[in-house]
Amino acid sequence: GVVPRKELFETWAAALLIQKAFPSTRRIADLAAGHGLLSWCLLLLDDEARGAGAGADNVGGGAEASSAEPRSAICVDRRMPGSADVIANAILGEFEHGPA
């Protein structure tokens, strides 16, 4: 794998906490993002909260999340590791969807 399993689980747990605390936040600025995994997790959680993901269970979302524009993210870091492209391609390949 590209990311150690421990890092994946820790990042997902952080994303769940952030989603619960800020469910209606529409723009994410991920600083010192590395490969951007946290942003990808938050985007996936937003899709689920808005009902756009398969098996959506409204994780941390509410009525405001379902009617809002999709969440977007910008990731910033001094260098982008090779794993960033691998992760992006894997997520887009699995969860790809067109414009709303």
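The following dialogue discusses how to read several features of this predicted model.

User: How is the packing of two helices described?

Analyst: Two packed helices are described by the angle between their axes and by the distance between those axes. In this predicted model, the axes of helix 1 (residues 5–21) and helix 2 (residues 37–49) come within 9 Å and cross at roughly 50 degrees. Helix 1 is therefore oblique to helix 2. The crossing of the two helices is right-handed.

User: Which residues make the contact of helix 1 with helix 2, and how are they distributed by class?

Analyst: Helix 1 contributes Leu 8, Thr 11, Trp 12, Ala 14, Ala 15, Leu 16, Ile 18 and Gln 19, while helix 2 contributes Leu 37, Leu 38, Cys 41, Leu 42, Leu 45 and Ala 49. By class, the contact has twelve nonpolar residues, two polar residues and no charged residues.

User: Is Cys 41 buried or exposed, and which residues does Cys 41 touch?

Analyst: Cys 41, a residue of helix 2, has a relative accessibility of 4% and so counts as buried, the cut-off being under 20%. Apart from residues up to four places away in sequence, Cys 41 touches Thr 11, Trp 12 and Ala 15. Cys 41 and Ala 13 are 28 residues apart in sequence, with a C-alpha to C-alpha distance of 9.5 Å.

User: In which sense do strand 1 and strand 2 pair, and which residues form the covered face of strand 1?

Analyst: Strand 1 (residues 27–31) and strand 2 (residues 72–76) pair in the parallel sense over five bridges. Within this pairing, Ile 28 stands opposite Ala 73 of strand 2. The covered face of strand 1 consists of Ile 28 and Asp 30, whereas Arg 27, Ala 29 and Leu 31 form the uncovered face.

User: With which residues is Ser 39 in contact?

Analyst: Ser 39 is found in helix 2. Leaving aside neighbours within four places in sequence, Ser 39 is in contact with Ile 28, Asp 30, Ala 73 and Cys 75. Ile 28 and Asp 30 are the residues of the covered face of strand 1. Ser 39 has a relative accessible area of 2% and is therefore buried.

User: What sign of phi do most residues other than glycine have, and what is the phi of Ala 32?

Analyst: Most residues other than glycine have a negative phi. Ala 32, although not a glycine, has a positive phi of about 55 degrees. Ala 32 is located in the loop between strand 1 and helix 2. With a relative accessible area of 65%, Ala 32 is exposed.

Terms used:
Residues are numbered from 1 along each chain as its sequence is written. This is a predicted model: local features need pLDDT of at least 70, side-chain atom pairs count only at pLDDT 80 or more; totals for chains, interfaces and linings use all residues. Side-chain values use heavy atoms; hydrogens and water are left out. Helices (H or I, at least four residues) and strands (E, at least two) are DSSP runs, numbered from the N terminus. Buried means under 20% relative accessible area, exposed over 50%, partly exposed in between (1.4 Å probe, protein chains only). Contact means heavy atoms within 4.5 Å. Axes are lines fitted to C-alpha atoms, for helices over the stretch in contact, and angles run from 0 to 180 degrees between N-to-C directions. Angles under 35 degrees count as roughly parallel, over 145 as roughly antiparallel, 65 to 115 as roughly perpendicular and the rest as oblique. A crossing is left-handed if the near helix is turned anticlockwise from the far one by less than a right angle, and right-handed if clockwise. Ala, Val, Leu, Ile, Met, Phe, Trp, Tyr, Cys and Pro count as nonpolar, Asp, Glu, Lys and Arg as charged, and the others, Gly among them, as polar. Two strands pair if DSSP finds at least two bridges between them.
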